[in-house]
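Subject: Handover of a structure model

Dear colleague,

Please find the structure below, handed over for your own work. My findings follow it, grouped by topic.

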Amino acid sequence: MIQASGLRKQYGDTVALDGVDLHVREGEIFGVLGRSGAGKSTLLRCVNLLERPTAGTVTVAGQDLTALRSAELNRARQRIGMIHQHFALLSSRTVAGNVAFPLEVMGVPRRERERRVAELLDLVGLQGRGKDRPNQLSGGQKQRVGIARALAGNPSVLLSDEATSALDPATTQSILALLKRLNAELGLTILLITHEMNVVKSVCDSVAIMAGGRIEESGSITGLIRTPGSRLTREIFPLPAPAPPGSVTLTFTGDPRQPVVSEVVRKFDVDLSILGGSIEDLAGGSVGRLRVALEGDDTAAALDHLRGAGLLVEVEGS
Amino acid sequence: MTWDDILPLLWPATVETAVMVGWSTLLTALLGLPLGVALVVFDRGGLRPLPALKSALGFVVNVGRSLPFIVLMIAIIPFTRLVVGTTIGTAAFVVPLTVGAVPFFARLVETALREVGADVVQAAQAMGASRTAIVVKVLLPEALPGLVAGLTVTVVALVGYSAMAGTLGGGGLGDLAVRYGYQRFETLLMIVTVVLLLVIVQVLQSFGDRVARRLSHK
Ligand SMILES: Nc1ncnc2c1ncn2[C@@H]1O[C@H](COP(=O)(O)OP(=O)(O)OP(=O)(O)O)[C@@H](O)[C@H]1O
Ligand SMILES: [Mg+2]
């Protein structure tokens, strides 16, 4: 749905994007993670060409945006929704007026506009608040207005730059739940930027981790979890570092109640001590990660058995 | 001089001041607003960056702003004659008043427009709004309270300028104060004129403040 190839963006001597390839599939929620200054916002703003990349192409819904002239680009942008960290609502307009803005820009007639605004406010749970001013709303409500506004043009893609960073945890969860619902009900593809691992864990299907203007790692969360040495896994499951030599890290997906570990202990007569671990509920199901020390005569066979049971086994310092 | 002598002088003078200030305010708003918009839109990083044009406009505005009004008034006499055909009388002074106030107001417009958050403008761009739509539907409405405040300051300044214009033949309250209060030592008339100017400025300012506050939803 979104395909960026060879994106570079330079501001003078600063290289904000240094050859980024990004592929976001239709209907998925794709998260971009990274430290401050990694280039996340620049990447997002290149997707709807708020920033024109120094090199590279951006294709959204099959249309090469970099090739468009300004009027055509404006029309293409109407089909790409965007929400912002500080909401970016017009204080000169009411809630309904804000949601109507993109419809006015598109030239939708008044009657139709009013009908559509009511429908959108309904969709985001703000029915009856149309006459309020943005400054009368809470942060979460403001972001709902932002979302309603972003959906006005029936976009196939929604871009979100830290849309929940200014909100408290409970409100963040409610906005994430709304995004998830829109993703499921409307088939909306969402590209979101965040520095909160929590956001990635609760809604994302795929992620990219950025650093220094490059993508270090990207793919589906379940895929990355199953990739040895993945940074994402380390970030989601912080384990005490450094890992003692010879310790084993087990990553298991699926039903956490499978008694695989105790089975191994019984069957291969090994001693197993737990050094650290946790279980996380991710969008694709729950995942556990456990660091253990194994002692016994046949630890190799025990590890093979664990691998055979579908666990990812990483042995430290070998 | 008694009240009976003063009142018949005061009324026509007030009307003349009102006419000078009224017309020049209207013209200043009409000319200064687009100029202020141009200063923002053509700026580097603006909606339509044309730095050379912006510098040229900025230069003209600065020249207008740095000349003391009394000098400007005299300097543009040929221009005034060209536009209104005469250089004396109330109508003639609308020209220098406007020329003096336009750069002043344009800078205030520029400042008010710059107060509009970059994120709001970007949000509008992301929604596919054209540059014209952004100016008309985002910049101007969002800056409206600031624009009203700027216009208020300009009107008040114009009241002051108009008093100076009075001394060169424009009539009005300034002319009255100079002719009777200064040249003939009519203290009572002087005091009355000063109080009247004070009241006018006060009323204009608080009216402007009230409107600006009413319009603001920050
Ligand atoms: N308009 C600009 N002019 C100059 N440099 C810029 C501009 N925008 C971004 N940069 C630089 O590009 C780099 C990447 O910035 P970007 O805003 O994309 O980072 P980010 O990952 O979004 O960071 P954050 O998490 O703090 O929002 C930074 O070094 C930044 O200073
Ligand atoms: Mg950013």
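**Pockets**

The largest pocket has a volume of about 810 Å³. Please note that the model is a predicted one. The lining of this pocket comprises 31 residues, and those nearest its centre are B:G45, B:G46, B:L47, B:V121 and B:Q125. Both chains contribute elements with two or more lining residues: α2 (70-77) from chain A, and α5 (90-114), α6 (118-126) and α7 (131-170) from chain B. Sorted by class, the lining of the largest pocket holds 14 nonpolar, 8 polar and 9 charged residues.

The second largest pocket encloses about 300 Å³ of space. It is lined by 18 residues, with B:E142, B:A143, B:L144, B:P145 and B:G146 closest to its centre. Two elements of chain B, α5 and α7, each give two or more residues to this lining. The largest share comes from α7(B), which supplies 6 residues. The class composition of the second largest pocket is 8 nonpolar, 6 polar and 4 charged residues.

**Chain B: helices and annotated spans**

Chain B contains 9 helices and 0 strands. Its C-alpha trace spans about 70 × 40 × 25 Å along the principal axes.

For chain B, UniProt (unreviewed entry) places the feature "transmembrane region" at residues 20-43, 55-77, 83-106, 147-168 and 188-208. Two of these spans may be set side by side. Residues 20-43 of chain B are 92% helix and 0% strand, with their end C-alpha atoms 33 Å apart. Residues 83-106 of chain B are 79% helix and 0% strand, and here the end C-alpha atoms lie 22 Å apart.

**The contact between the chains**

Chain B brings 17 residues to the contact and chain A brings 23. Together the two chains bury an area of about 1,800 Å², of which 58% comes from carbon and sulfur atoms. Within the area that chain B buries against chain A, B:M127, B:K137 and B:H217 supply 37%, more than any other three residues.

How many salt bridges are there between chain B and chain A? The count is 1. In general, side chains of opposite charge can pair when their charged atoms come close. The side chain of B:K137 forms a salt bridge with that of A:E104, at 2.6 Å from N to O. B:K137 is thus found both in this salt bridge and among the three residues that supply 37% of the area chain B buries.

**Salt bridges in the whole structure**

Over all chains, the search of the whole structure gives 24 salt bridges. One of the pairs is A:E51 with A:K9, whose side chains meet at 3.8 Å, N to O. This pair links distant parts of the chain, 42 residues apart: A:E51 sits in the loop between α1 (40-47) and β4 (55-60) of chain A, while A:K9 belongs to strand β1 (residues 2-11) of chain A.

**Cavities**

The count of cavities of 30 Å³ or more is 2. The largest cavity has a volume of about 110 Å³. Of the 15 residues in its lining, A:I80, A:P102, A:R149, A:A150 and B:M127 are closest to its centre. The elements that give two or more residues to this lining are β6 (80-83), α3 (95-106) and α5 (139-150) of chain A, together with α6 of chain B. The most comes from β6(A), with 3 residues. By class, the lining of the largest cavity divides into 9 nonpolar, 4 polar and 2 charged residues. B:M127 therefore deserves a second mention: B:M127 is among the residues closest to the centre of the largest cavity, and is also one of the three residues that supply 37% of the area chain B buries against chain A.

The second largest cavity holds about 60 Å³ of space. Its lining includes A:S160, A:E162, A:L176, A:L192 and A:V199. In chain A, α6 (169-186) and β8 (189-193) each give two or more residues to this lining. By class, the lining of the second largest cavity has 6 nonpolar, 4 polar and 2 charged residues.

Yours sincerely

Methods. Residues numbered from 1 in each chain as written. Chains lettered and ligands numbered in written order. Predicted model: local features only at pLDDT ≥ 70, side-chain atom pairs only at ≥ 80, totals over all residues. Heavy atoms only, no water. 1 Å grid on protein atoms, 1.4 Å probe; cavity = no way out; pocket = protein on both sides within 12 Å on 5 of 7 lines; lining within 4 Å. Points joined across faces, edges and corners; volume = space filled by probe spheres on them. Helix = DSSP H or I, 4+ residues; strand = E, 2+ residues; numbered from the N terminus. Nonpolar A, V, L, I, M, F, W, Y, C, P; charged D, E, K, R; others polar. UniProt positions renumbered as here; feature names shortened; annotations may be inferred. Contact = heavy atoms within 4.5 Å. Buried area = accessible area lost by both parts, 1.4 Å probe. Salt bridge = Lys/Arg side-chain N within 4 Å of Asp/Glu carboxyl O.
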